[in-house]
Amino acid sequence: MLLNARTSLLLLVDLQDKLLQTLPPAPRSTLLEVIQRLARCSQVLAIPQLATAQYPQGLGSVREEFRQSAATVLEKTAFSCHRDPAIRQWLEQHAGQRQIVLVGVEAHICILQTALDLQAHGWSPVVVEDACAARDPAHAANAMMRLRQAGVCVANSESVLYEWLGDAAHPAFKALAPFLR
């Protein structure tokens, strides 16, 4: 399955400082750079973005840069985004875009459960491995293995970006070129 910008949505899962601070500094920095690159490119390509906040009363709000890039930020308490009625409603409003590109934390909890639920309900989740993390890298690796075993597409950010473009002749290619290096 190749990604297509016209049929994709970007789901930014729980990018809250209290969760991100549990990651070691170097991987956290790299993760945030990769996710920012995907968010910027999806804006240029007019791919709708949704950011989620896991229990913001305790974990704080979504980081400012992702609140700005996503047109919508929704709070949740369910670990699977798909189990939240407001998130399901947002997805249904974009029902023509069945490819859900997932990024964020934590890979073995919210990303895993969301991807499996989306797949079970007829969506095509794509988990971006280098744009997902967990406090324990072994938990993230296990989540990616489980997702692959379940038939969920696991991709990397560069593949996602090039698939969204599809062709070097794409009108946005030059504008996005700095993000493709």
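**Exercises on a predicted model**

In this predicted model, the largest nonpolar core has 37 residues, and L12, L38 and W164 touch the most other members.

**Exercise 1.** Find which elements give two or more residues to this core.

*Solution.* Start with the strands: strand 1 (8-13), strand 2 (49-54), strand 4 (99-105) and strand 5 (124-133) each qualify. Then add the helices, namely helix 1 (17-20), helix 2 (25-44) and helix 8 (157-165). Helix 2 gives the most, with seven residues. Take care not to mix in the second, separate core, which has 27 residues, including L74, C81, I100 and V152.

**Exercise 2.** List what W164 is in contact with, leaving aside neighbours within four places in sequence.

*Solution.* Moving along the chain, you meet L3, N4, A5 and S8. Next come L38, S42, L45 and I47, and finally V101. Recall that L38, like W164, is among the core residues that touch the most other members.

**Exercise 3.** Decide whether A155 is buried or exposed, and describe its surroundings.

*Solution.* First, place A155 in strand 6 (residues 153-155). Its relative accessible area is 15%, and the cut-off for buried is under 20%, so A155 is buried. Now look for partners: beyond residues up to four places away in sequence, A155 touches V126, V127, V128, E129, D130 and V160. For V128, 27 residues apart from A155 along the chain, the C-alpha atoms are separated by 4.9 Å.

**Exercise 4.** Work out how many aromatic pairs the structure holds, and find what sits over the ring of W123.

*Solution.* The count of aromatic pairs is zero. The ring of W123 does have a charged end over it, that of R98, 3.7 Å from the ring centre.

Conventions
Residues numbered from 1 in each chain as written. Predicted model: local features only at pLDDT ≥ 70, side-chain atom pairs only at ≥ 80, totals over all residues. Heavy atoms only, no water. Core = buried A, V, L, I, M, F, W, Y, C linked by side-chain atoms within 4.5 Å. Buried < 20%, exposed > 50% of the residue type's maximum accessible area, 1.4 Å probe, protein only. Helix = DSSP H or I, 4+ residues; strand = E, 2+ residues; numbered from the N terminus. Contact = heavy atoms within 4.5 Å. Phe/Tyr/Trp six-rings, centres within 6.5 Å; stacked < 30°, edge-to-face > 60°. Lys NZ or Arg CZ within 6 Å of the ring centre and 35° of its normal.
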